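Please open the model in a viewer and keep the sequence panel beside it. The tour below goes from one selection to the next and says what is there.

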Amino acid sequence: MEQQHEGHDHEHHEPGHGGAGGVSWATAARATLHCLTGCAIGEVLGMVIGTALGWGNVPTMVLAIVLAFFFGYALTLRGILAAGVGLRTAVRVALAADTLSIAVMELIDNGMIALWPGAMDAHLSDPLFWIVLAIALAAAFVITTPVNKWMIGRGKGHAVVHQYHR
């Protein structure tokens, strides 16, 4: 039975539920939460570093985005490498699994922060910074979950990672 579902972790699918290849919303939410964790780590670390170095908004945001991708990929790589996959293959799998998800998440997250009045000028000690960041990350999660559901249902995104889970 496992061979018929190559690239999918059939334990996470809910039989009889339509849409995106029968992939459950719980599976999509888990994949999105995985990406959100890496994005949040990168975002906060980027903001802290940029602020500590006295950088302006644009370089700080660029650093935060770069670090969000880095930590998103790193979390995926950790799991794939633990399954005994070689580094080159693991990097390819992580790129295939996370790139669209992280990109959508970063677009929503940073877009909200950039458009929220006063958020770009809020300092780390300002509650507005943390409130807007939390709202932006929550919105990114809500908007990215259907993207991940669609991708997993087509054997893309985190479906690629599932074949390496043991």
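How many of the 166 residues of the protein chain, as a percentage, count as buried? The share is 40%. Keep in mind throughout that this is a predicted model.

**Whole chain**

Select the protein chain and colour it by secondary structure. The chain comes to 5 helices and 0 strands. Read from the N terminus, the order of elements is α-α-α-α-α.

**Helix 1**

Select residues 25–52, which make up helix 1. Helix 1 has 28 residues, and from its first C-alpha to its last it reaches 39 Å. That is close to the 40 Å expected at 1.5 Å a residue.

Within helix 1, go to Thr-27. Is Thr-27 buried or exposed? Thr-27 counts as buried because its relative accessibility is 4%, under the 20% cut-off. Show side chains here and add Ser-24: the side chains of Thr-27 and Ser-24 make a polar contact at 2.9 Å.

Next, select His-34, also found in helix 1. With a relative accessible area of 23%, His-34 is partly exposed. Add Tyr-73 to the selection and draw a distance between the two C-alpha atoms. His-34 and Tyr-73 are 39 residues apart in sequence, and their C-alpha atoms are 10.0 Å apart in space.

Then move to Leu-45, whose place is in helix 1. Its relative accessible area is 33%, so Leu-45 is partly exposed. For a partner, pick Thr-60: the C-alpha atoms of Leu-45 and Thr-60 are separated by 9.9 Å, with their positions 15 residues apart along the chain.

**The loop after helix 1**

Move on to Gly-54, just after helix 1, where phi is positive at about 70 degrees. Select Trp-55 as well; Trp-55 is found in the loop between helix 1 and helix 2 (57–82). Trp-55 counts as partly exposed because its relative accessibility is 41%.

Now show the surface and select Leu-45, Ile-49, Leu-53 and Trp-55 together. What do Leu-45, Ile-49, Leu-53 and Trp-55 form on the surface? They form a nonpolar patch, with about 350 Å² of accessible area together.

**Helix 3**

Select residues 87–115, which are helix 3. Helix 3 has 29 residues and reaches 39 Å from its first C-alpha to its last, close to the 42 Å expected at 1.5 Å a residue. Where is the kink in helix 3 centred? The kink is centred on Asp-98 and amounts to about 45 degrees. View helix 3 from the side with Asp-98 highlighted.

Further along helix 3, stop at Ile-108. Ile-108 counts as buried because its relative accessibility is 19%, under the 20% cut-off. Add Ala-139 to the selection: Ile-108 and Ala-139 are 31 residues apart along the chain, and their C-alpha atoms are separated by 7.1 Å.

**Helix 4**

Select residues 127–153 for helix 4. Helix 4 has 27 residues and reaches 39 Å from its first C-alpha to its last, close to the 39 Å expected at 1.5 Å a residue.

Zoom in on the start of helix 4, with Asp-126 and Leu-128 shown as sticks. There a side-chain oxygen of Asp-126 reaches to within 3.0 Å of the backbone nitrogen of Leu-128.

Follow helix 4 to Thr-144, where it bends by about 30 degrees. Which proline follows Thr-144 within four residues? The proline is Pro-146, whose place is in helix 4. Pro-146 counts as partly exposed because its relative accessibility is 36%.

With Pro-146 still selected, add Ala-29. The two residues are 117 residues apart in sequence and 8.5 Å apart in space, C-alpha to C-alpha.

For the last stop, select Gly-155, just after helix 4. Gly-155 takes a positive phi of about 80 degrees.

Technical notes:
Residues numbered from 1 in each chain as written. Heavy atoms only, no water. Patch = residues over 30% accessible without salt bridge, like charges linked within 9 Å, V, L, I, M, F, W, Y side chains within 5 Å. Areas by Shrake-Rupley, 256 points an atom, 1.4 Å probe, with all protein chains shown as cover. Salt bridge = Lys/Arg side-chain N within 4 Å of Asp/Glu carboxyl O. Helix = DSSP H or I, 4+ residues; strand = E, 2+ residues; numbered from the N terminus. Buried < 20%, exposed > 50% of the residue type's maximum accessible area, 1.4 Å probe, protein only. Expected span 1.5 Å × (residues − 1). Bend = angle between axes of the 7 residues up to and from the residue. Polar contact = N/O pair within 3.5 Å; in protein donor to acceptor, adjacent residues only side chain to side chain.
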